[in-house]
Amino acid sequence: MSTKIVVGTQWGDEGKGKYIDRLAKDSDVVVRFSGGNNAGHTIVANGVKYALHLVPSGILHEGKKCVIGNGVVIDPAVLVKEMDMLLGKGIKTDNLLISDRAHLIMPYHRELDKLQESFRGNFSIGTTKRGIGPAYSDKTERSGIRVCDLIDGDSFAEKVKENLKVKNLIIERVYGGEPFNADEIIDEYRNYGDILKPFVIDANAFLFEALEENKNILFEGAQATFLDLDFGTYPYVTSSNPVAGGVCTGAGIGPRYIDEVYGVMKAYTTRVGAGPFPTEQDNEAGNTIRELGFEYGTTTGRPRRCGWLDTVMIRYAARINSLTALAINHIDTIGKAGKIKLCTSYVKDGKTIKSIPASLKELELCKPVYEEFEGWDNVSDIRKYDDLPANAKKYLSRIQELTGVKIKLIGVGSGREQTIEAV
Ligand code: GDP
Ligand code: IMO
Ligand code: MG
């Protein structure tokens, strides 16, 4: 038996999908445990590009059970569409399993996400507007509607009617929006319930059985450490716990069962949406990274903010997630960006800062300290660590030294095969 968790160490889009696809080969079960369709995981397999938002990235390997855990918020309209997209590309979805405890994203969650964002004006978070925050708010406020309700038509209808009494008042009277019609939602969701019912299970019981049978389980993180509700750059975060600890609550697995935790990172840093970003390069260097790395959002298409690699962040992520390995991507991209800078620490009021302050005001005052590195030639066809240029090895070994975590996987392109296993 082995259990591995894959998490993001920065602000998302580190290339988690690519490594989950790779590690899924040796797994029996792949489990999403947090977030929803705010995630966009890209896999390029045999020249075909897949962008997955809800279905676990193990789905491209035949015979792997792919579980959507209780910690995920599910927009059934998006899930049904994604399953259709996969079937259209010849990928079977028979192995998909959906937790009966997962919460649903409702049309009023999507609407409230948009209304709240526009109401925040200059303080908007830059959410994906997929209804994530409002759905998790209902979960903690205890008015959420779950998958088990969806497949029991009566309780679903009752809960929609009850929720709309309050939601419509908020939408109309606070935000000046249009109210929702309960019957229309109930009809639309009845259809989703019929389609999804065969996939719904007690996912936690299934996972426990898999552990008892010594199966290999891979937990697929979405979002990342710095988007975590507790440990990220609050309030510019998402509404769930994408860190490794999220597996315990988002899938119902006790900490004793976790063997390995892979932290995925880019060789530089990107962020979509608002919030602090100490090593951001809102200049020519950032534009160069964006164009070389095709840094545009998988979910919303927004240009990603780009900057140098910040090892203060990675060290913090190593601590929060108990990382046992790093998987780094875009070594091909950063090598072409001219002189490369690497942030080793911050300085504030003349003092060295080695962790991330909670207060965003304090974080704003932290100035990155950089070391400079020379770039390298094209590495996208290299498959062995020894064949990497000396400058790339120097950069990688300094990252390893500064973060204290072993780099196990090195990405040199978006393709499934463009990975080097470091020994
Ligand atoms: P995720 O959300 O963490 O799964 O990452 P995304 O899929 O949103 O974004 C990562 C992007 O980088 C995708 O377009 C990947 O195809 C691409 N990618 C991943 N690894 C590499 C790499 O090593 N080199 C290059 N050039 N592209 C990569
Ligand atoms: P993957 O799994 C990058 C960001 C949004 C916004 C903030 C809150 O592909 O790495 P939300 O819609 O969650 O309320 O938005 O979080 N965000 C992501 N950024 N990658 C993601 O997922 C993200 N999921 C959410 O841009 O800043
Ligand atoms: Mg992404």
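Which domains give residues to the shell around ligand 1, and where does ligand 1 lie? The legends below take that up, on a predicted model.

**View 1. Ligand 1 lies between two domains.** Domain 1 (3-100 + 197-260) and domain 3 (265-421) both contribute residues to the shell, so ligand 1 ends up between them. Of the 19 residues around this ligand, the nearest are Lys16, Gly17, Gly40, Thr42 and Asp332. By residue class, the shell splits into one nonpolar, 12 polar and six charged.

**View 2. Polar contacts of ligand 1.** Start at Gly15, where a polar backbone atom is 2.9 Å from an oxygen atom of ligand 1. Then look at Arg304: an N or O atom in its side chain is 3.3 Å from an oxygen atom of the ligand. Thr333 joins in with a polar side-chain atom, 3.5 Å from a nitrogen atom of ligand 1. On its own ligand 1 would expose 580 Å², and the protein buries 92% of that. Three elements give two or more residues each to this shell: α1 (16-24), β3 (41-45) and α12 (331-334). Of the elements, α1 gives the most, with three residues.

**View 3. Ligand 2 and the residues around it.** Here 20 residues surround the ligand, and Asp13, Lys16, His41, Thr128 and Thr238 come nearest. Lys16 is worth finding in both close-ups, since it is also listed among the nearest residues to ligand 1. The shell around ligand 2 is made up of seven nonpolar, 10 polar and three charged residues.

**View 4. Polar contacts of ligand 2.** The side chain of Thr128 puts an N or O atom 2.6 Å from an oxygen atom of ligand 2. Asn38 also uses its side chain, with a polar atom 2.9 Å from an oxygen atom of the ligand. Gly126 works through its backbone instead, where a polar atom is 3.4 Å from an oxygen atom of ligand 2. Taken by itself, ligand 2 has 550 Å² of accessible area, and the protein covers 98% of it.

**View 5. Where domain 1 meets domain 2.** The domain assignment splits the protein chain into domain 1 (3-100 + 197-260), domain 2 (103-195) and domain 3 (265-421). The C-alpha centres of domain 1 and domain 2 are 23 Å apart. Their contact takes 27 residues from domain 1 and 24 residues from domain 2. Together the two bury about 2,000 Å², with 62% of it on carbon and sulfur atoms. On the domain 1 side, look for Val73, Pro76 and Lys197: they lose the most area to domain 2, together 26% of what that side buries.

Definitions and conventions
Residues numbered from 1 in each chain as written. Chains lettered and ligands numbered in written order. Predicted model: local features only at pLDDT ≥ 70, side-chain atom pairs only at ≥ 80, totals over all residues. Heavy atoms only, no water. Near = heavy atom within 4 Å. Polar contact = N/O pair within 3.5 Å; in protein donor to acceptor, adjacent residues only side chain to side chain. Areas by Shrake-Rupley, 256 points an atom, 1.4 Å probe, with all protein chains shown as cover. Helix = DSSP H or I, 4+ residues; strand = E, 2+ residues; numbered from the N terminus. Nonpolar A, V, L, I, M, F, W, Y, C, P; charged D, E, K, R; others polar. Domains from an automatic or database assignment. Contact = heavy atoms within 4.5 Å. Buried area = accessible area lost by both parts, 1.4 Å probe.
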